[in-house]
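Welcome, and please get your viewer ready. We will go from one selection to the next and look at what is there.

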Amino acid sequence: MKRFFEIAVALLLLLLLAPLLACVAAAIRINLGRPILFRQVRIGRHERPFRILKFRTMILEGRLPDADRLTPLGRFLRKLSLDELPQLWNILAGDMSFVGPRPLLPEYLPRYTAHQRRRHEVKPGITGWAQVHGRNAIAWEEKFSLDVWYVDHRSLWLDLRILALTALRVLRRDGISRQGHATNPEFLGVQHGQQ
């Protein structure tokens, strides 16, 4: 039932947001060139890899720090979370849900504790419990604790609450990045004492 609902809503949103998606794609094409979409392997449910889709927000020069690669257009797209909209296709493909822990990089897998790995018991989401409790402004350890709390308490009511809180967060532009960082810093694992 949930899967049917997510497919229906994702299709409806893609239809309703088609003009906005086209405008964002055109702005990226004009300002950054190709590719318009950013594709990256992330880890999903049961630790299966999949390719996440986002609108590109950075220049392609990989040797520069993220703060220098992030463009003014990219900052604007991230503030409004418009760069996440292509993940509606990930929902249609069955790789993601609207609500769940955010999908992270494959290289993080060996760095998790057994407790933190439980975040992969559910599909990753476009938004989640950690996103509405600080997003990228909170420490990794807190974020993972919130993810596992969601795994243990998930319900339709909680998902609806998270979606409503996400809308408020986006409007207030809270927690987009951690203080002093343009993007989320790398998770190094507890063995490095990283919070």
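Start by selecting Ile-28: leaving aside residues up to four places away in sequence, Ile-28 touches Gly-33, Pro-35, Ile-36, Phe-55, Arg-56, Leu-73 and Leu-77. Contact here means heavy atoms within 4.5 Å. Before moving on, note that this is a predicted model, where local features need pLDDT of at least 70 and side-chain atom pairs count only at pLDDT 80 or more, while totals for chains, interfaces and linings use all residues. Residues are numbered from 1 along each chain as its sequence is written, and side-chain values use heavy atoms, with hydrogens and water left out.

**The cores**

Now add Phe-55, Trp-129, Tyr-150 and Ile-162 to Ile-28: of the 29 residues in the largest nonpolar core, these five touch the most other members. Such a core is a set of buried Ala, Val, Leu, Ile, Met, Phe, Trp, Tyr and Cys residues joined through side-chain atoms within 4.5 Å; buried means under 20% relative accessible area with a 1.4 Å probe, protein chains only. Colour the elements that each supply at least two residues of this core, among them α2 (18-31), β2 (49-55) and α4 (72-79). Helices (DSSP H or I, at least four residues) and strands (E, at least two) are numbered from the N terminus. The most comes from α2, with four residues.

Next, select Leu-105, Leu-109, Tyr-112 and Phe-187, which are included in a second, separate core of nine residues.

**Helix α7**

Show residues 140-153. The end C-alpha atoms of α7 are 20 Å apart, which agrees with the 20 Å expected for 14 residues at 1.5 Å a residue; the expected span takes 1.5 Å times one less than the number of residues. Its buried residues include Trp-140, Phe-144, Tyr-150 and Val-151. For what covers the buried residues of α7, display α1 (2-16), β3 (97-99), α6 (114-117) and α8 (156-172), among others.

**A pocket to finish**

Which residues lie nearest the centre of the second largest pocket? Pick Lys-2, Arg-3, Glu-6, Ser-97 and Asp-159, from a lining of 20 residues. A pocket is an open set of points on a 1 Å grid over the protein atoms alone, with protein on both sides within 12 Å along at least five of seven lines, and lining residues have an atom within 4 Å of a point. α1 gives the most to this lining, with five residues.

Notes: Buried < 20%, exposed > 50% of the residue type's maximum accessible area, 1.4 Å probe, protein only. 1 Å grid on protein atoms, 1.4 Å probe; cavity = no way out; pocket = protein on both sides within 12 Å on 5 of 7 lines; lining within 4 Å.
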